[in-house]
Amino acid sequence: MIGCIIQARTGSSRLPGKAMKLLDKKNTILHYVVSQLQHSELLDDIVIATTDLEEDNVIAKFAQENKFKFFRGSEKDVLDRHYQCAKKFAFSTIVRIPSDKPLIDPQIVDSVIKVFLKSKYDYVSNFLPYTFPYGTEVEVFSFEALEKTWKMAKLPSEREHVTPYIYNHKDEFKIFNVTSSKDLSHLRWEVDREKDLELVKIIVERIKNRPILLKDIMNLYLEEPTLFNMNKNDNPNEGYLKSLKEDKEFVKKEKSKHG
């Protein structure tokens, strides 16, 4: 069973409530993520994994109203949330998509899944290193790799960001990275800040095809390259860098405990 887990919450520090922000007159970012993924030919199931905080009742309600499957778990220990969700829905292969990627391309998702299935990898992604645009990231991994990570990962960054333990322990897992034929890593349409939201709203408005594919966005880019400068200077890895600082504090505390 190949299951996609969409990680979603309302408590983003850079753009609070972003998952539920509208991209057009009636559909939210989260709705776009799900509807784009519904065009995948290889996914058996899609589940929104949110937190058990009261503020995220809005996400659970949204899922219920739209008849989307959902799961609620730990806010901070996102690794545990994914593990418990995958276990509950009996996923043998997990596709992880955070909810800040409303223009996730289902064809890219399927191409990464195909590589994973064909060669018996533990983990396959398309951003180690980046050659695809930010906002098209896909991670596919086995339940066994997730379970091992859930047992072994100790650092805050490993628990919050789910997969760093895997790709930081290449000796323990069979890992592969899918690359784009052309380096497009200078482009970005994931939604972290207000400027990203503005850009994605314009893309959604200009492109009439559904789902919106990478090739559609690239056609728009060729017509209006300057449009994509509006969110150029933001650091897309800010959240992970913040977690690495927390790791240092964690290691210090552990040392003083056992010192």
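Reader: In which loop does Pro-211 lie?
Author: This is a predicted model: local features need pLDDT of at least 70, side-chain atom pairs count only at pLDDT 80 or more, and totals for chains, interfaces and linings use all residues. Residues are numbered from 1 along each chain as its sequence is written, and side-chain values use heavy atoms, with hydrogens and water left out. Helices (H or I, at least four residues) and strands (E, at least two) are DSSP runs, numbered from the N terminus. On that numbering, Pro-211 sits in the loop between helix 8 and helix 9.

Reader: Is the peptide bond from Arg-210 to Pro-211 cis or trans?
Author: Look at omega. For the bond from Arg-210 to Pro-211, omega is near 0 degrees, and the bond is cis.

Reader: Which other proline, in the loop between strand 5 and strand 6, follows a cis bond?
Author: The loop runs between strand 5 (123–125) and strand 6 (139–142). A cis bond with omega near 5 degrees starts at Leu-128. It leads to Pro-129.

Reader: What span does helix 8 reach from its first C-alpha to its last?
Author: Helix 8 covers residues 194–206, which is 13 residues. The expected span is 1.5 Å times one less than the number of residues. That gives 18 Å, and the model comes close to it, at 19 Å.

Reader: Within what arc do the buried residues of helix 8 fall?
Author: Buried means under 20% relative accessible area, exposed over 50%, and partly exposed in between (1.4 Å probe, protein chains only). In helix 8 the buried residues are Asp-196, Leu-197, Leu-199, Val-200, Ile-203 and Val-204. They line one face of the helix, because the directions from the helix axis to their C-beta atoms fall within an arc of 165 degrees.

Reader: Which residue forms a salt bridge with Glu-224?
Author: A salt bridge is a side-chain nitrogen of Lys or Arg within 4 Å of a carboxyl oxygen of Asp or Glu. Glu-224 lies in the loop between helix 9 and helix 10 (238–258), and its partner lies in helix 8, so the pair ties together parts 18 residues apart in sequence. The closest N and O atoms are 2.4 Å apart. The partner is Arg-206.

Reader: How far apart in sequence are Lys-18 and Asp-100?
Author: Their side chains meet in a salt bridge (3.9 Å, N to O). Lys-18 is in the loop between strand 1 (2–7) and helix 1, while Asp-100 is in the loop between strand 4 (93–98) and helix 4 (106–119). The distance along the chain is 82 residues.

Reader: Is Lys-101, which pairs with Glu-190, buried or exposed?
Author: Lys-101 and Glu-190 form a salt bridge, with the closest N and O atoms 2.8 Å apart. Lys-101 lies in the loop between strand 4 and helix 4, and Glu-190 in the loop between strand 7 (175–177) and helix 8, so the pair joins parts 89 residues apart in sequence. Like Glu-190, Lys-101 is buried.

Reader: How many salt bridges does a search of the whole structure find?
Author: Some are linked in a network that includes Lys-18, Asp-100, Lys-101 and Glu-190. The search of the whole structure gives 16.

Reader: What is the relative accessibility of Lys-120?
Author: Lys-120 is in the loop between helix 4 and strand 5. Its phi is positive, about 55 degrees, although it is not a glycine. Lys-120 counts as exposed, because its relative accessibility is 70%.
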